[in-house]
Amino acid sequence: MKNICPVCGYDGLEEMPYDHDGNPSYEICDCCGFEFGFDDDSEGLSFEEYRKKWIEDGGKWFNPDMKPKGWDIKRQLLNINVQL
Ligand SMILES: [Zn+2]
């Protein structure tokens with residue numbers, strides 16, 4: 001099973017962002033750069049707020065080395081039912 005980022009829809013997370021008890025992984029998404037357990041809990045940002053800012057900033061990859069060829073932000077966002 002793939003682990004999908006609830007912020008940007010990237011499906012390459014190494015761990016589930018939150019376990020069954022709701023504990024965050026503290027993994028940083030290679031795509032949008034959201035850190036589960038930090039940006040939400042410590043910074044108080046919702047997925048929606050972070051996503052909006054990320055898209056407004058041009059949808060840059062946090063780790064550009066992981067960006068697939070022919071990457072399509074619109075298609076990726078459909079993984080989480082977000083339409084641009
Ligand atoms: Zn992400």
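Contacts between residues 24 or more positions apart make up 39% of those in the protein chain with a separation of 6 or more. The model behind these numbers is a predicted one. As for regular secondary structure, the protein chain has two helices and zero strands. Its C-alpha atoms fit in a box of roughly 35 × 25 × 25 Å along the principal axes. The radius of gyration is 12 Å, which agrees with the value near 12 Å for a compact globule of 84 residues. Buried residues account for 37% of the 84, and carbon and sulfur atoms hold 48% of an accessible surface of about 5500 Å².

Next comes the metal site. Four cysteines hold the zinc ion through their SG atoms, namely Cys5, Cys8, Cys29 and Cys32, at 2.3 Å. Along the chain, these donors are spaced as C-x2-C-x20-C-x2-C. Cys5 and Cys29 link distant parts of the chain: the two sit 24 residues apart, both in the segment before α1 (47-56). The arrangement around the zinc ion counts as tetrahedral because the four donor atoms subtend angles of 106 to 112°, and the cut-off asks for all angles to lie between 85 and 135 degrees. Cys5 is tucked away, so to speak: its relative accessible area is 0%, so Cys5 is buried. Cys29 is also at 0% and therefore buried, given that the limit for that label is under 20%.

The zinc ligands turn up again in the nonpolar core. The largest such core has 17 residues, and those with the most contacts inside it are Cys5, Cys8, Tyr10, Cys29, Cys31, Cys32 and Trp54. Helices α1 and α2 (73-77) chip in too, each with at least two residues of this core. As a rule, nonpolar side chains in soluble globular proteins tend to be buried together. Cys32 gives a good look at the surroundings: leaving out neighbours within four places in sequence, Cys32 is in contact with Cys5, Val7, Cys8, Tyr50, Trp54, Lys60 and Phe62.

At the other helix, Leu77 is part of α2. A relative accessible area of 0% means that Leu77 is buried. Not counting residues up to four places away in sequence, Leu77 touches Val7, Cys8, Arg51, Ile55, Val82 and Leu84. Cys8, one of these partners, is also a zinc ligand, and Val7 appears among the contacts of Cys32 as well. Phe38 lies 39 residues from Leu77 along the chain, and 22 Å separates their C-alpha atoms.

Notes. Residues numbered from 1 in each chain as written. Predicted model: local features only at pLDDT ≥ 70, side-chain atom pairs only at ≥ 80, totals over all residues. Heavy atoms only, no water. Donors = N, O, S within 2.8 Å, 3.2 Å for Na, K, Ca; no water. Tetrahedral: all angles 85-135°; square planar, octahedral: opposite > 155°, others 65-115°. Helix = DSSP H or I, 4+ residues; strand = E, 2+ residues; numbered from the N terminus. Buried < 20%, exposed > 50% of the residue type's maximum accessible area, 1.4 Å probe, protein only. Core = buried A, V, L, I, M, F, W, Y, C linked by side-chain atoms within 4.5 Å. Contact = heavy atoms within 4.5 Å. Rg over C-alpha atoms; globule rule 2.2 N^0.38 Å. Areas by Shrake-Rupley, 256 points an atom, 1.4 Å probe, with all protein chains shown as cover.
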